[in-house]
Structures are given as C-alpha cells and as structure tokens.
Amino acid sequence: MNTILLLEDDPILSKEIKEYLEAKSYQCKTVYDGELFLKIIKNETFDLYLLDINVPKINGLELCKIIRQTDSTKLIMMLTAFGEIDDKVEAFNKGADDYMVKPFHLEELNVRIQALFRRKEFPQHSNHKYIIADLEIDYEHKTVFRNQQEISLTPKEFKLLSILAEAKGRVLSKNQIAAQLWDYHIETNQNTIEVYINFLRNKIDKNYTEKLIQTKVGFGYFIKQT
C-alpha cells in the first residue's frame, strides 16, 4: 500500500482528501503546519508528499526545496490556490513533480497520483547512460556531466533533458514534450516548456562554445547530434 503525507491547513479539505485517498487504498496521514511536517518525515517514510504552499510556519515551497536537498527521488505534488505560471515555475524549479490548482476534482488528483507512481515503478530508460559529444546522462544515478564537470539539475530538468536526449536529434514540439514531462495534457504547461528550456540551456550550454540544445523555430526543440 502506497503511503502519502498530506500537508493541508484547511481541516475540512484535509479530511475530504484523506478519506477519498484511503477509499482508493492509499494510506494517508495529515499534518497542518510545516514544522510538524519536518518532524514527521524525520521519523517516518512516505511514498508521496502532497504539499499546500500557504501553510503556517514553513510553507510548502520551502519544504519542497528542503526535501530535494536530501532526496532527489521522492514524489512531491503541490496542491495550492496559487495558479499563476510564475508560481508553477517556481514550484517545479524547487523540485516538485506535479502541481494542482485549487479547487480541483478528487478524481483528477487520483489520476495524477497514479501517473506519478507508474512513472516511478516503470523507469523509461533501458540504458544506464546516454552520451552525446561531451554530455553524459547517467539514468541510474540521476547525474549529468558536461566536459567531465557535474551539472546539478532538478528532477524536472533532468527529465526534460532525458526526453530531448532520447529523441536522438528528432524535433519535439511543446505538446510532445509536455505530454511526457507531465504524463497528461495541461494547457499552461505549453508556456512552462519555454521556461524549462531556458533553465536547461543556462546549465547545459551557457558556459560552452558548442550549444547542444537547439530550437527549430515554429516546430520545437532538439539536441544537436555531433
């Protein structure tokens, strides 16, 4: 049984989500503020964290960042009323795997949770490493090197780089990238792709003469095969 820790300071919504998830055969524990959340995860292990952003003491974004400093594989989904694209980009940049804007349907929450667990259970990479020019992606250890220098990526940046690499020079549209990056279609993710490409370029290409991440104007993005 998959275990979930829900951080939500609205007691009515917290109870509603907990009861729904337990009816779907998840084990769900709830907490109402960020400090207590940290105390709990020091002593207990969970498969997924559901984090509201605007909670007392330590907000959900900071908690996401703290979690990612020690665990790059833990599943994290943000549940929040903040729906602007900048809010979503900040959450993904701090390492969130998904982002739902309140109010939402519990059925959709369940679908997204299932998608996250499927992705974790069935890795997409059959080979342990991908090497192009001086770029090396190690899927097993979730590391990236360029010119033998390690590059620190968030989980979403790592996945985006992997999607581009596995296309082997084929141009991918924003729709195609978004479908793989989030496992389902969300209209706002189309704009977020541009932001993530810029994040990735700043880390992968900025300090190197040869630029690997390329744009085919009007079509999409690809990694240059050299």
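Of the contacts in this chain that link residues at least 6 apart in sequence, 58% join residues at least 24 apart. The model described here is a predicted one. Its secondary structure comprises 8 helices and 11 strands. For a chain of 226 residues, a compact globule would be expected to show a radius of gyration near 17 Å, and the 18 Å found here agrees with that expectation. The C-alpha trace extends over about 55 × 35 × 30 Å along its principal axes.

A look at the surface completes this general view. Buried residues account for 47% of the 226 residues. The exposed area of the chain is about 11,800 Å², of which carbon and sulfur atoms supply 49%. As for charge, the chain carries 31 positive and 34 negative charges, and the mean positions of these two sets lie 4 Å apart.

Two of the helices are worth a closer look, beginning with α3. This helix runs over residues 60-70, and its buried residues are Gly60, Leu61, Leu63, Cys64, Ile67 and Arg68. Because these residues cover an arc of only 160° around the axis, they sit on the same side of α3. Gln69 and Thr70, by contrast, are exposed on the other side of the helix. The cover over the buried residues of α3 comes from several parts of the chain: it includes the strands β1 (3-7), β3 (48-51) and β4 (75-80), together with the helices α2 (34-43), α4 (85-93) and α6 (155-166).

Helix α4, itself part of that cover, can be read in a similar way. Here Lys88, Val89, Ala91 and Phe92 are buried. They span an arc of only 165° around the axis, which places them on the same side of α4. After α4 comes Gly95, which has a positive phi near 115°.

Near the N terminus, two buried residues can be followed in turn. Thr3 belongs to strand β1, and its relative accessibility of 14% is why Thr3 counts as buried, the cut-off being under 20%. Setting aside residues up to four places away in sequence, Thr3 touches Gln27, Thr45, Phe46, Asp47 and Leu48. Leu13 is located in helix α1, which covers residues 11-23. Its relative accessibility is 19%, so Leu13 also counts as buried under the 20% cut-off. With residues up to four places away again left out, Leu13 touches Glu8 and Lys102. Leu13 and Gln149 are 136 residues apart in sequence, and their C-alpha atoms are 46 Å apart in space.

Lys102, one of the residues touched by Leu13, also takes part in a notable backbone feature. The peptide bond from Lys102 to Pro103 is cis, with omega near -5°. Pro103 is placed in the loop that connects β5 (98-101) with α5 (106-121).

Positive phi values also occur at residues other than glycine. Lys142 has a phi near 55° and sits in the loop between β7 (135-138) and β8 (143-146). With a relative accessibility of 45%, Lys142 counts as partly exposed. Asn147 likewise has a positive phi, near 55°, and is found in the loop between β8 and β9 (149-151). Asn147 is partly exposed as well, its relative accessible area being 47%.

Towards the C terminus, the description turns to β10 and β11. Gly218 occupies the loop between β10 (213-216) and β11 (220-223). Its relative accessibility reaches 78%, so Gly218 counts as exposed. Although Gly218 and Ser173 are 45 residues apart along the chain, 8.7 Å separates their C-alpha atoms. Phe222 lies in strand β11. Apart from neighbours within four places in sequence, Phe222 contacts Leu164, Gly169, Arg170, Val171, Leu212, Ile213, Gln214, Thr215 and Lys216. Phe222 and Ser162 are 60 residues apart in sequence, with a C-alpha to C-alpha distance of 11 Å.

Notes. Residues are numbered from 1 along each chain as its sequence is written. This is a predicted model: local features need pLDDT of at least 70, side-chain atom pairs count only at pLDDT 80 or more; totals for chains, interfaces and linings use all residues. Side-chain values use heavy atoms; hydrogens and water are left out. Helices (H or I, at least four residues) and strands (E, at least two) are DSSP runs, numbered from the N terminus. The radius of gyration is taken over C-alpha atoms; the globule rule is 2.2 Å times the number of residues to the power 0.38. Buried means under 20% relative accessible area, exposed over 50%, partly exposed in between (1.4 Å probe, protein chains only). Contact means heavy atoms within 4.5 Å. Accessible areas come from the Shrake-Rupley method with a 1.4 Å probe; for residues, only the protein chains shown count as cover. Lys and Arg count as positive and Asp and Glu as negative; His and the chain ends are not counted. The place of a charge is taken as NZ of Lys, CZ of Arg, CG of Asp or CD of Glu. The arc is that of the directions from the helix axis to the C-beta atoms.
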